Structures are given as structure tokens and as C-alpha cells.
Amino acid sequence: MPLFNPHQPDFGEFDAETRRIFEATIEFFEDRGKRVLKEQDRGHVWYADFLDFVKRERVFATLLTPAAQADGDPDKRWDTARVTKYSQILGFYGMAYWYVWQVSILGLGPIWQSGNEAAKRKAAGLLDSGAIFAFGLSERAHGADVYTTDMVLTPDGNGGYRANGGKYYIGNGNQAGMVSVFGRVEGLPTGPKTQDGYVFFVVDSRHPAYKLHRNVVDGQMYVAAFDLEDYPVREDDILHLGSEAFDAAINTVNVGKFNLGFGAIGAVQHGWHEAITHDEGRVLFDTRVTDFAQVRALFLETWVRLAAMDLYSERAVDYMRSGTAEDRRYLLVDAIEKMNVTRQAAKCYELMADAISAKGFENDMYFPMGATSMMGLPRLEGTVHVNMALALKFLVSYLFSPTDQGPVIPPRRRDAVDDAFLFHQGPAQGLDAVSFHDWRATFADFARLPNVKIFLEQVDAFQAFLGTTPLSKAQMRDLDLLLVVGDIFTAVPYAELILQQASITGAGDDILDSIFEVLVRDVSGHALTLSNKPSVTPDQQKTALACLRRPAYDAERSARVWAEARATADTYAMKL
């Protein structure tokens, strides 16, 4: 598995300007060193120095300006491959730096989707000046309930509006050049069935009617609570009205939060470098720590899970970049990236923490920064229950109704082109019409691997569970039950994309069989949990337990994978 090493980065698949930005970013962090990184993290220091660098090197301007707003600059485009790679680099050095980038992406989403050309020109100009952006969707009382908002626009009788209401948990809300705000127009209906009253508009965080209250978290990032008090909204400030505003909210999350998994991968990679180097160099009871069987098992599982995360995520980029109005498979792939890859990252940190024990709490380590972020990422950003509910909408069409007449498997996409479709996704409805190719064809190419074969037996058993003991109407409303069903279901497309990427990169049988050894264990664990849910019937309990399998263990294979993982010790350390 290629492990990111800032001392030997490989950005060969990107163009010259993109490589320059990536390398300049690494140089910025490496020159500052870990001591400054940690001091600013502990001191909750706003990252003005990083934003000065972003402005000077035109980082956000180059990477986050679509070609349509580039004013002829050939280096500007919205290229998901380089956006996600930059997310990984920033995650490697600190999720706070990833956050200011991530939230700017979200803030730009409704603007780039809008027909408001003046707003788009303003955003492009602000990017050139080094500005950051914010996404004003969440509210304290409503959380992730996008249907409900207390941000109200009241017509002022002169063709404009007055905005009143509060927003909560809004990253970059302290200094955003433009804040994209979601609300409703007074007197117009809103809700799941009628969306006529929704509106997206932009505000300036420096306006006197923008009342910034506080940072709601302890950290370098600023996560704002703010109110608009009779904020004047002109017609030129309106980005979307009605159902288009609701669609813009959903589609922005599709684009922006895809980066969650890539930031998480970067954080795990840095944590790995510190953890494996520490334990490899430590001797206890006359034994090298990495020679203890339990420590080896912890590191080996971390390495395998990290390899799976990386393979899946790299392939997921291709689906995002190949999406069209007729091919919306990217929505399932995206949901898995947001919730599953982030949870895998949290699992990796848990495993490594057990391996390095007290070292993981020391104040000269990146590790506690990464561990804290990984605890929050699937909860604060990945919103597992929301994304699982989305993924489950595709269960029948993916698992039971693939079609040879459907969309072809996308090619690898690292071409230097603009991903214009991501800002023209269209209505957020119609998910039941999304079709999928036959996923079994991918697995057939790897059926020689013992654990792939066992995993397919589990999928067959899961299909039998759903087919012979189907969920009742009441169970279909039991999200506690559905979350576990979803864990088993999403393991299948997760595994499929891992194999597809393996075909592209030539990943070896050892690492792939090891990945599926872990997947078999995970599915068995989910099946056991499913069988013990209070609402399952005795027949469902039996069919759920039929999914349990023991992986095929191979000591020689594991030894080879462990040798590769262990060899990464002492290959990178951030200077103090």
C-alpha cells in the first residue's frame, strides 16, 4: 500500500501547477514543525498564517474556482481528484486546517450552483483575494433536519427582504467573505411535500446586522453561532428559491462532505507513522514491542483497514467525476465515503491507541490531535444515521436489481478537466430510479481469494435474510434496526470498489485477502448484532445468524503483509 510520506510525495498524476501547490503546502507545514503545530492547537490559535499562505500561493482560488468562473486561467477548475488529494494533505497535518478548507467548499456550493452570475463573479474575486467561505445551514434547534428552518425572510415592500433568525455550528462564520444561508420566505409553505418557501441567499459576515455570538467549540477552527437581525437581503443576494434551494442544500453536501474520508485518511496516515515508529523502537521485557502478538495484531488490522480506506476512496473519486443526470451511482458511493470511511478511521485510531498506550497522550505527538478529530468526524460531519438512510434507498436496486443495460463501470478519472456536473446535479428526488451495474462481475475476477469467496457467501445469506424473512412495515420505520441492516449492505459496494481499484493499481493478493478477512469479521459482527435487535422475529434471527462466517486465516500471508507494514517504521517523522 502506498503510504503518504511528505519527504517523498508522489504527485505524478497531477499537472505542474497542482503539484506546485501540493508541494508548497507540505513545505509550509514542515518548515513550521510539530512544536508550532501543537502550540497553536493547544492555544486555539486562529490559523491566520495558513490563510496568508493560501492567499499568497492562490491555493483556494486555483483549486476551488470552476472553469466557468476562471476568467481564462487554465489552472483553475473544480477537479475532484485534486480537491480530495488536498483534503488528505491537510488532514495529515491537522483536521483544523482541513476544516477551514472543507467549510469553504460547502459555502461555495450554493453559489456555484446558482444562476446568479453577479454572486458567482463576487465569489471568484473573493477567492482571488484569499477569502474563506461559510455554509449557513444548521440551526441549534433543528440540527440536521434540513426541512425545518427558523431563518425567515420577510418581504420589505421594495423588492427585497429582511432576514431574521439564527444559525449554529457554522464553520468560518467569523471571517467568511460570503456566507451562504438557507432559510424560508415568510408565508410560503415548506416541508417534505412542499418546498416553495425555501431560499438560499448570501450575507457578509462583516455587516452590522450579522451578529456573531461565539465559537461553540474548543479548537483552532471557528464554529460560529450567529444571528441575522433585520439583515437587508437584496434581489442580487438571492441564490435559489423554492425547490431549487432545497436541492442546492442537498447537492452541496454531496459535493462538500465527500472530502470527509480523505481528510480522515490523511490523519490516520500521520498517526500511523508516529505509532509504528514508536513501538518498533521500544523494548519491554527484553522484547521489541512490535514482536508482542497482541501489538502485531493491532497494527496489522490498522494497516489493512487503512489500505481498504485508501483503495475505496481513490476509486470513489472516479464515480464522483463520472456522474451525470443519467448516472447517479455516485450518491451511494458518496454516502459510504462520508460515513464508512470516517468510521474506519476512528477504528484505526482506537487500534493504534491500544498499541501505543500512554504515548498517544503525550504533548509532542500529532496523535492526540488526530484521535480527537476522528472521534468527532463521523458524528459531527459524517452524520452516520442520515447517510445510512440515504444509502438504504439504493439497497434493492443495487443488491437485487442490477442490470446489464445500466451504466458502465466508470474508467479511472485523473484527467485535468472541470467537474461541471457537480454543480448541475438537478433535483434531489428520484433515487429509486438510479440503476446499477452487476456488482457480482467485479467479485468474479477475485473469486480465487479465500476470503472473497467467504464474503460472497455472507452476501448470499444476507440476500436470503431480506428475501425469505423480509422486514415488516414497522421494522422499516425502526432506524435502530435499519442502521445494522445498512452496515451489512454497504459492506458490499465498499468491497466492490476496493476490488475495482485493486484491478487498476495491481494491488497484490496478500493485502486483498487480508482486507476481506477483516470484512468477513465485520459482517459477522453486524449479523450478530442484527440477530439480537429487539424487533427481529425468531425466523429473522435464524437467517441473520446464517450470515456469520469464520474468515480464512493464513499465517504466511499475514506475515508478508506485516513485514510490509513494519517496514514503514522510521520512514517519516515531522521535525519538531
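Colleague: Is Phe 29 buried or exposed?
Modeller: This is a predicted model, where local features need pLDDT of at least 70, side-chain atom pairs count only at pLDDT 80 or more, and totals for chains, interfaces and linings use all residues. Residues are numbered from 1 along each chain as its sequence is written, and side-chain values use heavy atoms, without hydrogens and water. Phe 29 has a relative accessible area of 0%. Under 20% means buried, over 50% exposed and in between partly exposed (1.4 Å probe, protein chains only), so Phe 29 is buried.

Colleague: How many aromatic pairs does the structure hold?
Modeller: Rings of Phe, Tyr and Trp (its six-membered ring) pair if their centres lie within 6.5 Å; planes under 30 degrees apart are stacked, over 60 edge-to-face and the rest tilted. The number of aromatic pairs in the structure is 43.

Colleague: Which helices do Phe 29 and Tyr 93 lie in?
Modeller: Happy to trace that pair! The two rings are stacked, at 4.6 Å centre to centre and 10° between the planes. Tyr 93 is buried at 0% relative accessibility. The pair ties together parts 64 residues apart in sequence, because Phe 29 and Tyr 93 lie, in that order, in helices (DSSP runs of H or I, at least four residues, numbered from the N terminus) α1 and α4.

Colleague: And how many residues apart in sequence are the parts that Phe 182 and Tyr 198 tie together?
Modeller: This pair is stacked too, since the ring centres are 5.2 Å apart with the planes at 25°. Phe 182 is buried at 1%, and Tyr 198 is buried at 0%. Phe 182 belongs to strand β4 and Tyr 198 to strand β5 (strands are DSSP runs of E, at least two residues), so the separation in residues is 16.
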